[in-house]
Amino acid sequence: MKGIIGKKIGMTSIFEANGKQTAVTIIEAGPNVVTQVKSQVTDGYDAVQVAFGEKKEKNTPKAEKNHFAKAQTSPKRYVKEFRNPDTAVAKALGETITVEIFSEGETVDVVGTSKGKGFQGVVKRHGFSGVGEASHGQHDRQRAPGSVGGSSYPSRVFKGMRMAGQMGNERVKVKGLKIVKIFPDKNYILVSGSVPGHIGSIVLIQK
């Protein structure tokens, strides 16, 4: 696996060589610093730990300062691991990972945290259409969930019943997004379609 940490900048659309207009998401990916290299011998699995985003030294615990000092880099805000790293792009401790590990036309997976919607009802959360119309004794039932369980049997509500509750703010992976354009000088990657999260949120681009 190869991957990089990035920040969602926003969305736009571009015209490809064949004249097709494509909606794309702009991600500022990297540069990332390799802060730890894990192996089967030392940690029981192979992985590369990378860091992204500057962090004030006064807000960094001493343990983290020493950890970043081993990689000869300043304190970072976001730290992630990519397991089973691609040997073709594997980096040593303290080296930098940039958008150039990817190429245009390649397909990648993007992982992010979806926008939090708060507590929502069944119509917005699950697409229910409501119990029925307002006539024939139906009073304020247009957005109600309806029956959720049995009576004397089973005398409980089954697990997984679609009901009102917290919506969004979940880890979401979008697979098979095409890298439409790369701007190495600005550390920008343009991927087709949308990715989870609000503008400025942290995402992982992985292959």
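**Exercise 1. Place strand 7 in its sheet.**
Strand 7 and strand 10 pair in this predicted model. State in which sense they pair and how many bridges link them.

*Solution.*
Step 1. Between strand 7 and strand 10 there are six bridges, and the pairing is antiparallel.
Step 2. Strand 7 covers residues 107–113 and is also joined to strand 12, residues 202–206, by three bridges. Strands 7 and 12 run antiparallel.
Step 3. The sheet holding these strands is a closed barrel of six strands in the order 1-2-11-10-7-12, with antiparallel pairing. Neighbouring strands of this sheet are turned by 50° against each other on average, with direction ignored.
Result: strand 7 stands between strand 10 and strand 12 in the barrel order.

**Exercise 2. Follow Val-110 across the sheet.**
Find which residue of strand 10 stands opposite Val-110, and which residue of strand 12 is the bridge partner of Val-110.

*Solution.*
Step 1. On the strand 10 side, Val-110 stands opposite Val-174.
Step 2. On the strand 12 side, the bridge partner of Val-110 is Ile-205.
Step 3. Asp-109 has Gln-206 as its bridge partner in strand 12.
Result: from Asp-109 to Val-110 the partner in strand 12 passes from Gln-206 to Ile-205, in keeping with the antiparallel run of strands 7 and 12.

**Exercise 3. Assign the positive surface patch.**
Name the residues that form the positive surface patch, and state which strand gives the largest share.

*Solution.*
Step 1. The patch is made up of Lys-80, Arg-171, Lys-173 and Lys-175.
Step 2. Strand 10 spans residues 171–183 and supplies three residues, the largest share of the patch. Lys-173 is one of the residues in strand 10.
Step 3. Strand 10 is also the strand that pairs with strand 7 over six bridges.

**Exercise 4. Check the backbone outliers.**
Identify which peptide bonds to Pro-31 and Pro-154 are cis, and what sign phi has at Gln-72.

*Solution.*
Step 1. Most peptide bonds are trans, and most residues other than glycine have a negative phi.
Step 2. The bond between Gly-30 and Pro-31 is cis, with omega about 0°. Pro-31 lies in the loop between strand 2 (21–29) and strand 3 (32–38).
Step 3. Tyr-153 and Pro-154 are joined by a cis peptide bond with omega about 5°. Pro-154 belongs to the loop between helix 2 (122–126) and strand 9 (165–167).
Step 4. Gln-72 is not a glycine, yet its phi is positive at about 55°. Its place is in the loop between helix 1 (62–70) and strand 5 (76–83).

Definitions and conventions:
Residues numbered from 1 in each chain as written. Predicted model: local features only at pLDDT ≥ 70, side-chain atom pairs only at ≥ 80, totals over all residues. Heavy atoms only, no water. Pairing = 2+ DSSP bridges. Helix = DSSP H or I, 4+ residues; strand = E, 2+ residues; numbered from the N terminus. Axes fitted to C-alpha atoms, helices over the stretch in contact; angles between N-to-C directions. Patch = residues over 30% accessible without salt bridge, like charges linked within 9 Å, V, L, I, M, F, W, Y side chains within 5 Å. Areas by Shrake-Rupley, 256 points an atom, 1.4 Å probe, with all protein chains shown as cover. Salt bridge = Lys/Arg side-chain N within 4 Å of Asp/Glu carboxyl O. Lys, Arg positive; Asp, Glu negative; His and termini not counted. Charge placed at Lys NZ, Arg CZ, Asp CG, Glu CD.
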